[in-house]
Amino acid sequence: MFWMLRLIAACNVLVLLAVCAFLLQNGLPAMSWSFLTEAPRQMMTKGGILPCIIGTAILSLGSLLIAFPLGVASAVYLNEYAKRNAFASFVRLGVNNLAGVPSVVFGLFGLSFFVTFCGFGVSILSGVLTLAVLTLPVIIGTAEESLRNVPDTYREASLALGATKSQTIARVVLPSALPGMLTGAILGVARAAGETAAIMFTASVYYTPKGPDSIFSPVMALPYHMYVLATAGTEIAKTRPLQYGTGLVLLLLVLGMNLIAIILRDRLQKRR
């Protein structure tokens, strides 16, 4: 059984390496300084992807700033305050079900609620809120699991010294669980950065030559730009290198965000 598990893990790693190698082989010819610092031009067949990089970073980090505190607060309530009753079980069931909902459903929800009902329009705000809802179940699940892994002796020692329950949670439990919670943040950022269906209805546009000037401005994003180049362009064959280059940049961007979060998590673990 252990050899079977090792074989399955090796297959997963090989598939990942194959995808990375394929993107490197086909995307490196398109990589240049102008590709990273210019806007698309000449019907998307030339130029770069700078507005897409900026838009993806804004949407990913913005959704994390909203989803992470909400997810941690929800996990604290479920693990530290909620009793084992029907309501808490119902909330956990809802969170688990939301984690398996396809992203296009979140996109349609964002279109009907944030874009239309709230009147935000196709904008950064609508996209950020939609991605925050999409990543919230993952963050809640990992945060709650991290809180469960904090030994009860930490809580008991803090309460025995005269601290209140809220002080114990804020000064003892949360700092101990924070490294594990950052794992949820890593997964949330990675998923938000690579989503297409969730933002194509709420935040992304086909083309905009300049960066956003407010949270109510639409943006270009790497995954939607790659989709446009591959399906909606007038000269798809000419944009083929740009498609692979955009995918490679998206992969490197997600990898960079993950590395920053992993380094931060490791430093917090060493302080414990």
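**Figure 1. Thr-135, a buried residue of helix H6.** In this predicted model, Thr-135 has a relative accessible area of 3% and counts as buried, because the cut-off for that class is under 20%. Thr-135 belongs to helix H6, which covers residues 124-148. Which residues does Thr-135 touch, leaving aside those up to four places away in sequence? The partners to look for are Ala-67, Gly-188 and Ala-192. Ala-192 turns up again in Figure 5, where this residue helps to line the second largest cavity.

**Figure 2. The whole protein, to set the scene for the close-ups.** The chain holds eleven helices and two strands. Read from the N terminus, the order of elements is α-α-β-β-α-α-α-α-α-α-α-α-α. The C-alpha trace spans about 70 × 55 × 35 Å along its principal axes. Of the 272 residues, 39% count as buried. If we take the contacts between residues at least 6 apart in sequence, 75% of these join residues at least 24 apart.

**Figure 3. Helix H5 and its bend at Gly-110.** H5 runs over residues 103-117, 15 residues in total. From first C-alpha to last, H5 reaches 20 Å, close to the 21 Å expected at 1.5 Å a residue. Where does H5 bend, and by how much? The bend is at Gly-110 and comes to about 30°. Gly-110 is also one of the buried residues of this helix, which are Ser-103, Phe-106, Gly-107, Gly-110, Phe-114 and Val-115. An α-helix has 3.6 residues a turn, so residues three or four places apart point the same way. It is worth following the buried residues of H5 outwards to their neighbours: they pack against helix H4 (86-99), helix H6 (124-148), helix H8 (165-194) and helix H9 (197-200). After the helix comes Gly-119, with a positive phi near 80°.

**Figure 4. The largest cavity, lined in part by strand S2 and helix H10.** Rolling a probe the size of a water molecule over the atoms shows where empty space is left. A search of the whole structure turns up three cavities of 30 Å³ or more. The largest has a volume of about 40 Å³. Its lining is made by Phe-35, Pro-40, Met-44, Lys-46, Gly-47, Gly-48, Ile-49, His-225, Leu-229 and Leu-242. Strand S2 (46-47) and helix H10 (222-231) are the elements that give two or more residues to this lining. By class, the lining of the largest cavity has six nonpolar, three polar and one charged residues.

**Figure 5. The second largest cavity, with helices H3 and H8 in its lining.** This cavity has a volume of about 40 Å³. Around it sit Thr-56, Leu-59, Ser-60, Leu-131, Ala-192, Ala-193, Glu-195, Ile-199, Ala-221 and Pro-223. Helix H3 (50-81) and H8 each supply at least two residues of the lining. Which helix gives the most? That is H3, with three residues. The lining of the second largest cavity has seven nonpolar, two polar and one charged residues.

**Figure 6. The largest pocket, lined by residues from H3, H8 and H11.** With a volume of about 220 Å³, this pocket is lined by Leu-61, Leu-64, Leu-182, Ala-185, Ile-186, Val-189, Leu-253, Gly-256, Met-257, Ile-260, Ala-261 and Leu-264. The elements that give two or more residues are H3, H8 and helix H11 (240-271). H11 provides the largest share, six residues. How do the lining residues divide by class? Eleven are nonpolar, one is polar and none is charged. Gly counts as polar in this scheme, so Gly-256 is the polar residue to find here.

**Figure 7. The second largest pocket, with H1 and H11 in its lining.** The volume here is about 170 Å³. The lining residues are Leu-16, Cys-20, Leu-24, Leu-248, Leu-251, Leu-252, Val-254, Leu-255 and Asn-258. Helix H1 (2-27) and H11 are the elements that give two or more residues to the lining. H11 gives the most, with six residues. By class, the lining of the second largest pocket has eight nonpolar, one polar and no charged residues.

Notes. Residues are numbered from 1 along each chain as its sequence is written. This is a predicted model: local features need pLDDT of at least 70, side-chain atom pairs count only at pLDDT 80 or more; totals for chains, interfaces and linings use all residues. Side-chain values use heavy atoms; hydrogens and water are left out. Helices (H or I, at least four residues) and strands (E, at least two) are DSSP runs, numbered from the N terminus. The expected span of a helix is 1.5 Å times one less than its number of residues. The bend at a residue is the angle between axes fitted to the seven residues ending there and the seven starting there. Buried means under 20% relative accessible area, exposed over 50%, partly exposed in between (1.4 Å probe, protein chains only). Contact means heavy atoms within 4.5 Å. On a 1 Å grid over the protein atoms alone, a cavity is a set of points where a 1.4 Å probe fits but cannot get out, and a pocket is an open set with protein on both sides within 12 Å along at least five of seven lines; lining residues have an atom within 4 Å of a point. Grid points are joined across faces, edges and corners, and a volume is the space filled by probe spheres set on the points.
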